[in-house]
Amino acid sequence: MNIAEIARRAGVSSAAVSRYFNNGYISEKKREQIRKVVEETGYRPSLQAQTLRTRKTKLVGVILPKIDSAAAMGSVVAGILSLLNGHGYQILLADTQNDPVKELDYLSLFNEKQVDGVLLIATVFTREHKKALKGMTVPVVIIGQRLSGYHCVYHDDFHAFYDLTRLLLARGRRRLGYVGVFRQDKAVGLERYQGYEKAVEEAGLSSCRESYVTAEFTMESGYEKAGELLERWKDLDGILCATDSIAVGVMQYLKEQKIPIPEKVMVTGQGDSGLSKVVTPTLTTVRYSYEESGRLAASVLLELLERQESAMKEIKLGYKVVERESTEILPKNY
């Protein structure tokens, strides 16, 4: 079975069959005729032959920090697949295990024409990262971070944390603490802290800028760092956390210390993960459009691959503060 035989059975030209398999334009009538023959025969074009002919692999490399670190990663990948699958592309997942050196290794590997393009769910941009990105010969779209001069889809982390901090301030909390992550991560580490910092400064609580600790992206680290935070600042009445997983760890520590949430200490997270809905009390957090970010990034990459679009695109997505029990104002006789 080959393209010529498919064309003969479908009653169309070989060129029409070729366009069908390469997502080119053909009439709906011809597309349906070819589809029926393909389904009847089970024909699949040779990927190796297509690659030799078109110099395209129909593969996209997706580099992510850690697939099991947060539900957000799965949502981003789901968004990517929702678009690429319909255009005949498959993905190669590269899990760096939060190792920036491995990010560089995968960028180098994918740059050796192993894929047609790369979607980078980024964490940090070292000098080496910027050098590697500048030297890429295949198109790259960055997800989750903004880097000037590159196509990217990212979230408004700064204002999300600014609004979340203002929520606690509106609840009457004045002794706030912050559990963040390393500042080299511009979005999660730096911009979320800066949103918190601006909100407390505007409220005349500049001293709250210093009541912070740095954690890993895990519940275990959140638990450990909650102890460190409260040992240094014993009278905190609100703790803001850079992620939901960190926040759940903080809440576990507070419960073990018999510190009631939210009566004594209010707690917030970021990400609106499944954990935020099932933990007790339920967690106030921020919802981001993770799946949409993956879909939009894939859309930008497809434009680069199929239409050779060159206009730079920086897409910033919004957010929604989701208020739950961990910041609820309870009656005094509760």
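What share of the contacts in the chain with a separation of 6 or more comes from residues 24 or more positions apart? I looked this up first. Such residues account for 70% of those contacts. I note that the model is predicted.

**Entry: the whole chain**

I went on to the elements. The chain has 13 helices and 12 strands. I then checked its extent. The C-alpha trace spans about 80 × 45 × 30 Å along its principal axes. Next came burial. The chain has 334 residues, and 49% of them count as buried.

**Entry: surface and charge**

I looked up the exposed area. The chain exposes about 16400 Å². Carbon and sulfur atoms supply 49% of that area. I also looked at the charges. There are 46 positive and 42 negative ones, and their mean positions lie 6 Å apart.

**Entry: helix α9**

I picked one helix, α9, which covers residues 186-202. How far apart are its end C-alpha atoms? They are 22 Å apart. At 1.5 Å a residue, the 17 residues should span 24 Å, so the two values agree.

Which residues of α9 are buried? I listed Ala187, Val188, Gly189, Glu191, Arg192, Tyr193, Gly195, Tyr196, Ala199 and Val200. I noticed that Glu191 and Arg192 are among them.

Then I asked what these buried residues pack against. Two partners are helices, α8 (157-170) and α13 (290-306). The strands are β6 (176-180), β7 (212-214), β8 (238-241) and β10 (285-288).

Last, I looked just past the helix. Gly204, just after α9, takes a positive phi of about 75°.

Methods. Residues are numbered from 1 along each chain as its sequence is written. This is a predicted model: local features need pLDDT of at least 70, side-chain atom pairs count only at pLDDT 80 or more; totals for chains, interfaces and linings use all residues. Side-chain values use heavy atoms; hydrogens and water are left out. Helices (H or I, at least four residues) and strands (E, at least two) are DSSP runs, numbered from the N terminus. Buried means under 20% relative accessible area, exposed over 50%, partly exposed in between (1.4 Å probe, protein chains only). Contact means heavy atoms within 4.5 Å. Accessible areas come from the Shrake-Rupley method with a 1.4 Å probe; for residues, only the protein chains shown count as cover. Lys and Arg count as positive and Asp and Glu as negative; His and the chain ends are not counted. The place of a charge is taken as NZ of Lys, CZ of Arg, CG of Asp or CD of Glu. The expected span of a helix is 1.5 Å times one less than its number of residues.
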